[in-house]
Amino acid sequence: MEFKTQAQESTYNRIGDFLDSFLGSDNVHRIGQRYVVREGSALIEVRALAWGDDESLVNCASTVVRGATLAPELMRFLLQKNRELPFGAFGVDEDGDIVFDYSMPGDALNKSLLRIAVKAVAAVSDNYDDEIVSQWGGKTSMQFLKE
């Protein structure tokens, strides 16, 4: 793997150590420059991103729903939820999937902060996936994977 900066590589390695320590190495899957973990019914991707020349970010993201009808009412719902949630945000990726993600500075990363971020992203995904599917269609990540 080739990282853009030393800070990104160092953060990537710390992420792996921290995830292994609180989830167990059997539950942490390394795919390229990202980690994938399952928390409840959510799949969480955790990545180290280069930020500037010598800093990094940690991004925790979950695909909440795939294939929903991206109606104005859904977009309004997601934007309103973004204002209510303490951190992180809903968005729509290039495939039209609804995602939830949260980023934080890599320099400040410790095991406790990463555990909280992973659990929070998973909780939001778990809390809203069924509601979104029931109103705007699509499939939760787990439904999509089972098919």
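How many bridges join strand S5 to S6, and in which sense do the two strands run? Strand S5 covers residues 89-92, and 4 bridges join S5 to S6, with the strands running antiparallel. Before I go on, please keep in mind that this is a predicted model.

Let me stay with S5 and S6 for a moment. Ala-89 has Asp-101 in S6 as its bridge partner. The two strands form a hairpin with 5 residues between them, and in that hairpin Gly-96 takes a positive phi near 85 degrees.

S6 also pairs with S4. That pairing is antiparallel and runs over 8 bridges. As one position to look at, Val-58 stands opposite Met-104 in S6.

Now to helix H3. It spans residues 111-136, which is 26 residues. From the first C-alpha to the last, H3 reaches 36 Å, close to the 38 Å expected at 1.5 Å a residue. H3 does have a kink, of about 30 degrees, centred on Tyr-128.

Next, the two ends of H3. At the start, a side-chain oxygen of Asn-110 reaches to within 3.0 Å of the backbone nitrogen of Ser-112. Just after the helix, Gly-137 takes a positive phi of about 80 degrees.

The buried residues of H3 include Leu-114, Val-121, Tyr-128, Asp-129, Ile-132 and Trp-136. That brings me to the core.

In soluble globular proteins, nonpolar side chains tend to be buried together. Here, the largest nonpolar core has 39 residues, and Leu-19, Val-46, Leu-114 and Ile-132 have the most contacts inside it. Which elements each supply at least two residues of this core? They are helix H1 (6-23), strands S2 (34-39), S3 (42-51), S4 (55-66) and S6 (98-105), helix H2 (72-84), and H3. H3 gives the most, with 10 residues.

Take Ile-132 as an example. Leaving aside neighbours within four places in sequence, Ile-132 is in contact with Val-64, Val-65, Ala-68, Leu-74, Phe-77, Leu-78, Ile-98 and Gly-137.

One last residue, Lys-81, which is placed in helix H2. Is Lys-81 buried or exposed? Lys-81 counts as buried because its relative accessible area is 16%, and the cut-off for buried is under 20%. Not counting residues up to four places away in sequence, Lys-81 touches Phe-90 and Tyr-128. Tyr-128 is the residue on which the kink in H3 is centred, and Tyr-128 is itself among the buried residues of that helix.

Technical notes. Residues numbered from 1 in each chain as written. Predicted model: local features only at pLDDT ≥ 70, side-chain atom pairs only at ≥ 80, totals over all residues. Heavy atoms only, no water. Helix = DSSP H or I, 4+ residues; strand = E, 2+ residues; numbered from the N terminus. Expected span 1.5 Å × (residues − 1). Bend = angle between axes of the 7 residues up to and from the residue. Buried < 20%, exposed > 50% of the residue type's maximum accessible area, 1.4 Å probe, protein only. Polar contact = N/O pair within 3.5 Å; in protein donor to acceptor, adjacent residues only side chain to side chain. Core = buried A, V, L, I, M, F, W, Y, C linked by side-chain atoms within 4.5 Å. Contact = heavy atoms within 4.5 Å. Pairing = 2+ DSSP bridges.
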